[in-house]
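I opened this model to look up its helices, its core and its charged pairs. My notes are below the display.

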Amino acid sequence: MRAFQRAQDSVQWGKLVVIGIVIAVIAGVFFSMVAGYLFVQWLTRRIEHMSQVAMAVADGDLNRRIQEKGSDELALLSQHFNLMVESLGQSQEKMKLQAAQAEESASAAIAAKLEAEQAGKKYKLLQIEY
């Protein structure tokens with residue numbers, strides 16, 4: 001009889017172990033899903049922020065930058081994006097300076113042309129008078 005009781009206890013203990021393992025697996029899957037969801041939300045927010053800044057830069061706002069957080073691939077991408085925007089800003093400033101210089105040169109050329117035309121008219125008048 002004692003052997004039978006021990007066998008029943010052993011079966012009960014085995015059932016409890018199996019139930020414990022099943023609960024642990026379910027809990028592990030649940031926590032993995034929650035952790036995965038939170039990670040995806042965190043990653044999505046970072047990418048959305050990068051996208052918003054990229055759209056602002058595309059619209060001409062070269063003062064926008066992406067905050068560099070961490071040392072992962074997205075932080076490295078943010079750093080390179082910021083360097084690119086800085087370079088675009090410098091190029092834009094150079095182009096503005098060159099455009100201003102070209103405008104000054106064009107104005108000087110127009111002024112010289114007008115002066116030459118007036119001198120030519122004066123010369124013709126002087127020729128007519130003599």
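These entries record what I looked up, one topic at a time.

**Ground rules.** I am working with a predicted model, where local features need pLDDT of at least 70, side-chain atom pairs count only at pLDDT 80 or more, and totals for chains, interfaces and linings use all residues. Residues are numbered from 1 along each chain as its sequence is written, and side-chain values use heavy atoms, with hydrogens and water left out.

**Helix α1.** I took helices as DSSP runs (H or I, at least four residues), numbered from the N terminus; strands would be E runs of at least two. Helix α1 covers residues 2–58, which is 57 residues. I checked its length against the expected span, 1.5 Å times one less than the number of residues. The expected value is 84 Å and the end C-alpha atoms are 83 Å apart, so the two agree. Just after α1, I noted a positive phi of about 105° at G60.

**Burial in α1.** I used relative accessible area with a 1.4 Å probe and protein chains only: buried is under 20%, exposed is over 50%, and partly exposed is in between. The buried residues in α1 are R46, M50, V53, A56 and V57.

**Surface patch.** I then looked for patches, built from residues with over 30% relative accessible area and no salt bridge; nonpolar side chains (Val, Leu, Ile, Met, Phe, Trp, Tyr) are joined within 5 Å, like charges within 9 Å. Areas are Shrake-Rupley values with a 1.4 Å probe, and for residues only the protein chains shown count as cover. A nonpolar patch turned up: W13, L16, V17, I19, I21, I23, V25, V29 and M33, with about 930 Å² of accessible area together. I looked up one member, V29, which is found in helix α1. V29 counts as partly exposed because its relative accessibility is 44%.

**Core.** Which residues form the largest nonpolar core? A core here is a set of buried Ala, Val, Leu, Ile, Met, Phe, Trp, Tyr and Cys residues joined through side-chain atoms within 4.5 Å. The largest has eight residues: M50, V53, V57, L62, I66, L74, F81 and V85. Helices α1 and α2 (73–129) each supply at least two of these core residues. For contacts I used heavy atoms within 4.5 Å. Leaving out residues up to four places away in sequence, V85 touches V57, L62, R64 and R65.

**N82.** I placed N82 in helix α2. N82 counts as buried because its relative accessibility is 9%. With the same sequence exclusion of up to four places, N82 touches R65, I66 and E68.

**Salt bridges.** I required a Lys or Arg side-chain nitrogen within 4 Å of an Asp or Glu carboxyl oxygen. The whole structure has four salt bridges. In one of them, E86 pairs with R65, the closest N and O atoms being 2.8 Å apart. E86 is in helix α2 and R65 is in the loop between α1 and α2, so the pair ties together parts 21 residues apart in sequence. E86 is partly exposed at 38%, and R65 is partly exposed at 32%.

**Pairs within α2.** E93 and K96 form a salt bridge with closest N and O atoms 4.0 Å apart. They lie three residues apart in helix α2, about one turn. K113 and E117 also meet in a salt bridge, at 3.8 Å from N to O. They lie four residues apart in helix α2, again about one turn. An α-helix has 3.6 residues a turn, so residues three or four places apart point the same way. K113 counts as exposed at 53%, whereas E117 is partly exposed at 38%.
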